[in-house]
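Subject: Structure handover

Hello,

Here is the structure for your files. My notes on what turned up in it follow below.

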Amino acid sequence: MTVEANFDGLVGPTHNYGGLGSGNLASLSNAQSVSNPRQAALQGLAKAKALADLGLTQGILPPHERPYLPKLRQDGLTGNDDQVLFQAANRTPQLLQTYSSAAAMWTANAATVSPSADTADGRVHFTPANLVAQPHRSIEGPVTARILRAVFSNTSYFHHHPPLPIGMNFTDEGAANHTRLARSYGDPGIELFVWGRKANDFTADPYLPRQSYEASAEVARLHGVLRPVFAKQHPAAIAAGVFHNDVIAVGDRDFFLHHELAFADPHLIERLRSIFGDGLITHMITNEQVPLADAIGSYVFNSQLVAIDGRRVLVAPDDVDNYPNVRAAIDAIDAIDEIVTFDLRQSMRNGGGPACLRLRVVLTEDELANTNQACLLTPDLFSDLTDWVHRYYRDRLTPDDLGDYELLAESKAALHELTGILHLGEIYDFQKTE
Ligand code: SUG
């Protein structure tokens, strides 16, 4: 049986509120507040565990090394690690915060993944997102590429592309702007690539759209996607804080849920129907039911839609319960059988809901058997990771703490041990040089 595996990003030990997310209202409004990395990691793990307990295939992807000293050195800081950190903290705290972000936890931005049923060569294709729209995330791509190769190593089944070229023409934010629709996970699907701007189109809107059309088209071409569909985000949505399409629409198999103002093309649903064929179920939430501000405030569209014993379950942030109109709108959807909610507040305060925290990888039985089994969440792995978090993570972090040499040492020790737990080999720069 073909399944959809969700690979959740484990929150890193330097989780903090840097105010770095462009067009991301939660990140901007919580800038410089005190974070709790331990609670953040445990909240994420609790969600992943709950979904695994419901019978879903659940994977884990590791955090990246932070603060990322190779980059601070590239930017001119010299000496041993302690000296580099000291200089960064005192001379350029902004750069230190940029290279300390734990943003790799939002694995919906790790890569775009096309299942083998959709591609010309019948392999699963991965393109790590270059994330060049934001400095703090532009350093993720090469490390994500290493991690994905360590998890999906068999090249008979998995084809890994490098991140797209660096520059504003190919700004790529990965699966957060990519939705696959298919009759079942194993059937050939259509892949919807959503973009916000064309290359060289620098709009006068308040926020520069992050995903370019050229990036989406290039990923579809590289993957050999047989039935791609391209759609432009509604500029009003981006202006209101929809920095990724997964903040305003979500799909699973033959069901697509979206806000009235998600897309610029009023005929997109007809286009999807004509390519999908019979049987596509769609549901639009109107702006009258849920104004854009409430959609973003509640993060309702950043829910996961999952299949549990053939039932459709919406995995939502518990913030939806603070908005009676939002709750009423989702309760009224016939196609959804159940709604479960999670407290993900640590991540949510940086604009990362349930769907941001996971990368979907549709896998046949053979592909799943050829996936790194140590990265699949079992009760044992859950208890090992919980114990690991308790041993290494702090329960309070301020921006000033990022220059603390002890934090760097703790993080390295934690990540080194984690590569052993997840059987990843040496994926971090510090493991190669020490
Ligand atoms: O890229 N926030 C992330 C949130 C990513 C959410 N992902 C999806 N929607 N799929 C971003 O804006 C904030 C980091 C900070 O401010 O410290 C941040 O990067």
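A polar backbone atom of Asn350 lies 3.1 Å from a nitrogen atom of the ligand, in what is a predicted model. Two side chains also supply an N or O atom at short listed distances: that of His244 is 2.9 Å from a ligand nitrogen, and that of Asp246 is 2.8 Å from a ligand nitrogen. Taken alone, the ligand exposes 490 Å², and the protein buries 100% of that.

The ligand has 24 residues around it, and those that come nearest are Gly18, Leu20, His136, Asp246 and Cys356. The space the ligand takes is the second largest cavity.

Next, helix α2. This helix covers residues 37-53, and its 17 residues should span 24 Å at 1.5 Å a residue. The C-alpha atoms at its ends are 24 Å apart, so the expected span and the model agree. Its buried residues are Pro37, Ala40, Ala41, Gln43, Gly44, Leu45, Lys47, Ala48 and Leu51. After α2 comes Gly55, which has a positive phi, near 105°.

One of those buried residues, Lys47, links the helix to a strand: its side chain makes a polar contact of 2.4 Å with the side chain of Gln304. Gln304 belongs to strand β12, residues 304-308. Is Gln304 buried or exposed? Its relative accessible area is 0%, which is under the 20% cut-off, so Gln304 counts as buried.

Regards

Definitions and conventions
Residues are numbered from 1 along each chain as its sequence is written. This is a predicted model: local features need pLDDT of at least 70, side-chain atom pairs count only at pLDDT 80 or more; totals for chains, interfaces and linings use all residues. Side-chain values use heavy atoms; hydrogens and water are left out. Helices (H or I, at least four residues) and strands (E, at least two) are DSSP runs, numbered from the N terminus. The expected span of a helix is 1.5 Å times one less than its number of residues. Buried means under 20% relative accessible area, exposed over 50%, partly exposed in between (1.4 Å probe, protein chains only). A residue is near a molecule or strand if one of its heavy atoms lies within 4 Å of it. A polar contact is a pair of N or O atoms within 3.5 Å; within protein, one must be able to donate a hydrogen and the other to accept it, and residues adjacent in sequence count only if both atoms are side-chain atoms. Accessible areas come from the Shrake-Rupley method with a 1.4 Å probe; for residues, only the protein chains shown count as cover. On a 1 Å grid over the protein atoms alone, a cavity is a set of points where a 1.4 Å probe fits but cannot get out, and a pocket is an open set with protein on both sides within 12 Å along at least five of seven lines; lining residues have an atom within 4 Å of a point. A molecule sits in a cavity or pocket if more than half of its atoms lie within 2 Å of its grid points.
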